[in-house]
Amino acid sequence: MKELRNLLIDCRIELRKLVRDFHKTELCERIDAAMQQLGNAKAAPATDASAAPAAGKQPPPNQVALAWQTVTRDLKFSDPALFDALSKKVMLRLETKAMVDPATEIHELGKTITDLQSKQLKQDKTFKALESERDALLGALAMAVPELSDGKDRVAVALARIEWLKAAKAAKAAPKSPRTTGERKAAPPPEPEDGGPAPNDTMLKAVAAGTRKFTDTHREWCVGEAMVLSGFEFTPIELIQQGDAAIAEIIVQARSKTKA
């Protein structure tokens, strides 16, 4: 409280130097009143700090400081030169080079919040657009490769479908009959389709035993079935590299466990 009263005294002295007839102004009267209130509060007997001041008593120092801050802030607009000179004196007393106006700081914080909200909205729009593109792509892959069932990991299933398409394309592009330098060998007769793209149990067991090979249609279906039954442990290329017998063995073993 003593330091605040001394600060008001210094401010009044400097203002009298800078402003002609300052002692006649309303600001001078308010500073004098604040100083008198601080003097009375110092002379008054000590009371419970937690108790609220009674009517007619001196206001607490924080209210006096707030009133002084409000009055001097008015000078920033009514008399900028006087405000700057007073600010330099105050900062010299406080041994600091600069002080941030709370109103300015609040304004800057509000601007920062507005900018962050704008960036967040842009990021939300971008994220929603990416989600739409992802769902469209996954849906197209599901329609292109219905042989593979959807799973919990949608990305893993999508990658498996891509590998399945690549393997199917490679199988179709491969030559179906061997050639010699002088003559074309006769191609073996095609295997029966067994009523559709899915081979029956008899054919699967024969292929697993190595006594028979899959047709192209059966191989494409069995590759997808083996991927699902193995929990996507292998890619289509890896399964094709293992051979028809290994693919058939995976399906036969999985079906035997299901029946058991």
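Okay, let's start with the overall fold. This protein has 10 helices and 0 strands. Keep in mind that the model is predicted. Read from the N terminus, the elements go α-α-α-α-α-α-α-α-α-α.

Now some totals. The protein has 260 residues, and 24% of them count as buried. The exposed surface comes to about 18,500 Å². Carbon and sulfur atoms supply 57% of that surface. What about contacts along the chain? Take the contacts with a separation of 6 or more: 50% of them join residues 24 or more positions apart.

Next, the inside. The largest nonpolar core holds 20 residues. Which of them touch the most other members? They are Leu8, Leu15, Leu27, Ile31, Trp68 and Leu86. Four helices each give two or more residues to this core: α1 (2-18), α2 (26-43), α3 (61-78) and α4 (80-94). Of the elements, α2 gives the most, with 6 residues.

Let's zoom in on leucine 8. Set aside the neighbours within four places in sequence. Which residues does leucine 8 then contact? The list is Ile31, Ala34, Met35, Leu38 and Trp68. Two of those names, Ile31 and Trp68, you just heard among the core residues that touch the most other members.

There is also another core, apart from the one with leucine 8. This other core has 19 residues, including Met203, Trp221, Cys222 and Ile251.

Now to the outside. Find Val155, Leu159 and Ile162 on your screen. Together they make a nonpolar surface patch of about 260 Å². Leucine 159 belongs to helix α6, which covers residues 154-173. Is leucine 159 buried or exposed? Its relative accessible area is 51%. The cut-off for exposed is over 50%, so leucine 159 counts as exposed.

Last stop: serine 230. Where does it sit? Serine 230 is in the loop between α8 (216-229) and α9 (236-242). Its relative accessible area is 18%. Buried means under 20%, so this serine is buried.

What does the side chain of serine 230 reach at 3.1 Å? That is the backbone oxygen of methionine 227. There is a second partner, alanine 226. The backbone oxygen of alanine 226 lies 2.8 Å from a polar atom of the serine 230 side chain.

To recap: we saw a core of 20 residues, another of 19, a nonpolar patch with leucine 159 in it, and a buried serine in a loop. Thanks, everyone.

Technical notes: Residues numbered from 1 in each chain as written. Predicted model: local features only at pLDDT ≥ 70, side-chain atom pairs only at ≥ 80, totals over all residues. Heavy atoms only, no water. Core = buried A, V, L, I, M, F, W, Y, C linked by side-chain atoms within 4.5 Å. Buried < 20%, exposed > 50% of the residue type's maximum accessible area, 1.4 Å probe, protein only. Contact = heavy atoms within 4.5 Å. Patch = residues over 30% accessible without salt bridge, like charges linked within 9 Å, V, L, I, M, F, W, Y side chains within 5 Å. Areas by Shrake-Rupley, 256 points an atom, 1.4 Å probe, with all protein chains shown as cover. Salt bridge = Lys/Arg side-chain N within 4 Å of Asp/Glu carboxyl O. Polar contact = N/O pair within 3.5 Å; in protein donor to acceptor, adjacent residues only side chain to side chain.
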